[in-house]
Amino acid sequence: MSNFQHIKPAGKAQFMDRYTTKAAELLTPYTDGAKGDVAILGAPLSKPSISHSGASFAPDAMRRCLNSFTTYNIEEETDISGKTIIDFGDIAMHPTSIEECHQRIYQSTKEIAQAEAAPFTIILGGDHSITTSTVKAIKETKGTVGIIQLDAHHDLRNTEDGGPTNGTPFRRLIQEGHLKGEHLIQIGIRNYANAKAYHDYAIENGVTVYTMKDVKQHPIQELIESALNQLDPKVDTIYLSVDMDVLDQAYAPGCPAIGPGGMDPDTLSEAVQSAVRHPKVQAMDIVEIDPTLDIRDMTSRIASLLIINTLIN
Ligand code: CA
């Protein structure tokens, strides 16, 4: 190829600017012993979703959308071009067995946590059912876990009606003894998006619930700070679970469960940025994007920005 002046490898950008670095250029495939600032792992599973979902395509979409951002933050006057995102690739899912898929997510998350390639790990979902497996793996690697969940829904549904779906991850964690209810803080829960029985279950089990009304009445930094102060003395590590349907439907057309009355992207972005400054916040997932429903990757782009936000501290 070197003799051809005007031919480039397929798939590469048409236009290159010598002064511009794209966030996607920070992605570095994992090799043994590699160290970086953030590690990512794709969990492309959407079969347990109770509604139609192509969330299995989301890890690729989030990586691709890193091409939509440069590495320069004008407001913080920082450039993250020197940072590295270690990319562990995607977990190979079993074609039919959801139980086996969840087992592989658990095992793979544990393996990459033990590899200690970076101080912060991001799991790219997938639907929300993956979180039971990832949190179990983090708990077994790092100790008692607390969770800050940004979500429109409690995800505390009973398992009798459908098994380990994307409506049950936090209930399963509590029932299986991996998580104490008092170590779960939910932010962004919406009206007419949950049954009363699940709010009752949350309160009975000591879960802290901040609704969208709370989000609208308080700066998000205050809610995150309060959550961190509550968890810090009680847990060894804090896990951030970001369900993109916490966003209003105007911003997140790619979520299977869209709805009005949700959060705006600046608030979500600020929430993640505030949380990851805390040294005990060491892992995060981003779930519930179906790129086949999305419009111009709007939802995946916001998710990619959240990944970038974890690099500017
Ligand atoms: Ca959820």
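**Helix packing, cores and loops in a predicted model**

Helix 7 passes helix 8 in a right-handed crossing. The model in which this arrangement appears is a predicted one. Two packed helices are described by the angle between their axes and the distance between the axes. For helix 7 and helix 8, the angle is about 35° and the axes are 9 Å apart. On the side of helix 7, the residues that take part are I220, Q221, I224 and L228, and they meet T267, E270, A271, S274 and A275 in helix 8. An α-helix has 3.6 residues a turn, so residues three or four places apart point the same way.

Helix 8 spans residues 265-276 and also holds S269. S269 counts as buried because its relative accessibility is 12%, below the 20% limit that defines the buried class. Leaving aside residues up to four places away in sequence, S269 touches L305, L306 and N309. The C-alpha atom of S269 is also 8.2 Å from that of I302, although 33 residues separate the two in sequence.

The neighbouring position in sequence, L268, leads into the nonpolar interior. In soluble globular proteins, nonpolar side chains tend to be buried together. The largest nonpolar core here has 52 residues, among which I187, M244, M263 and L268 touch the most other members. Helix 7, residues 220-231, gives the most to this core, contributing 6 residues. The contacts of L268, again without residues up to four places away in sequence, are L150, V242, M244, V246, L247, M263 and L306. A second core, separate from that one, comprises 29 residues, including I91, M93, I138 and L179.

I138 belongs to another helix pair as well. It is among the residues of helix 3 that meet helix 2. The axes of helix 2 (residues 98-115) and helix 3 (residues 130-142) come within 8 Å and cross at roughly 35°, and the crossing is right-handed. From helix 2, the residues in contact are H102, I105, Y106, T109, K110, A113 and Q114. Their partners in helix 3 are I130, S133, T134, K136, A137, I138, E140 and T141. Within this interface, the charged end of K136 sits over the ring of Y106, at 4.3 Å from the ring centre. Elsewhere, the charged end of R171 sits over the ring of Y201, with a distance of 4.0 Å to its centre.

Which parts of the structure enclose helix 1? This helix covers residues 58-65, and 6 of its 8 residues are buried, so it is largely enclosed by the rest of the structure. The buried residues are A58, P59, A61, M62, R63 and C65. They pack against strand 1, strand 2, strand 5, strand 6 (121-125), strand 11 (281-287) and helix 9 (298-309).

Strand 5 also takes part in an aromatic contact. A search of the whole structure finds 1 aromatic pair. The ring centres of Y30 and F88 are 4.3 Å apart and the ring planes lie at 20°, so this pair is stacked. Because Y30 lies in the loop between strand 1 (27-29) and strand 2 (38-43), and F88 in strand 5 (residues 85-90), the pair ties together parts that are 58 residues apart in sequence. Y30 counts as partly exposed, at 26% relative accessibility. The loop between strand 1 and strand 2 also holds D32, which is exposed, with a relative accessible area of 76%. D32 and D155 are 123 residues apart along the chain, and their C-alpha atoms are separated by 36 Å.

Some backbone details complete the picture. The peptide bond from G125 to G126 is cis, with omega near 15°, and G126 is found in the loop between strand 6 and helix 3. In the loop between strand 11 and helix 9 lies R296, a residue that has a positive phi of about 50° although it is not a glycine. D297 is found in the loop between strand 11 and helix 9 too, and its phi is positive at about 60°, although D297 is not a glycine. Are these two residues buried or exposed? R296 is exposed, with a relative accessible area of 70%, whereas D297 counts as buried at 17% relative accessibility.

Definitions and conventions. Residues are numbered from 1 along each chain as its sequence is written. This is a predicted model: local features need pLDDT of at least 70, side-chain atom pairs count only at pLDDT 80 or more; totals for chains, interfaces and linings use all residues. Side-chain values use heavy atoms; hydrogens and water are left out. A nonpolar core is a set of buried Ala, Val, Leu, Ile, Met, Phe, Trp, Tyr and Cys residues joined through side-chain atoms within 4.5 Å. Buried means under 20% relative accessible area, exposed over 50%, partly exposed in between (1.4 Å probe, protein chains only). Helices (H or I, at least four residues) and strands (E, at least two) are DSSP runs, numbered from the N terminus. Contact means heavy atoms within 4.5 Å. Rings of Phe, Tyr and Trp (its six-membered ring) pair if their centres lie within 6.5 Å; planes under 30 degrees apart count as stacked, over 60 as edge-to-face and the rest as tilted. A charge sits over a ring if NZ of Lys or CZ of Arg is within 6 Å of the ring centre and within 35 degrees of the ring normal. Axes are lines fitted to C-alpha atoms, for helices over the stretch in contact, and angles run from 0 to 180 degrees between N-to-C directions. A crossing is left-handed if the near helix is turned anticlockwise from the far one by less than a right angle, and right-handed if clockwise.
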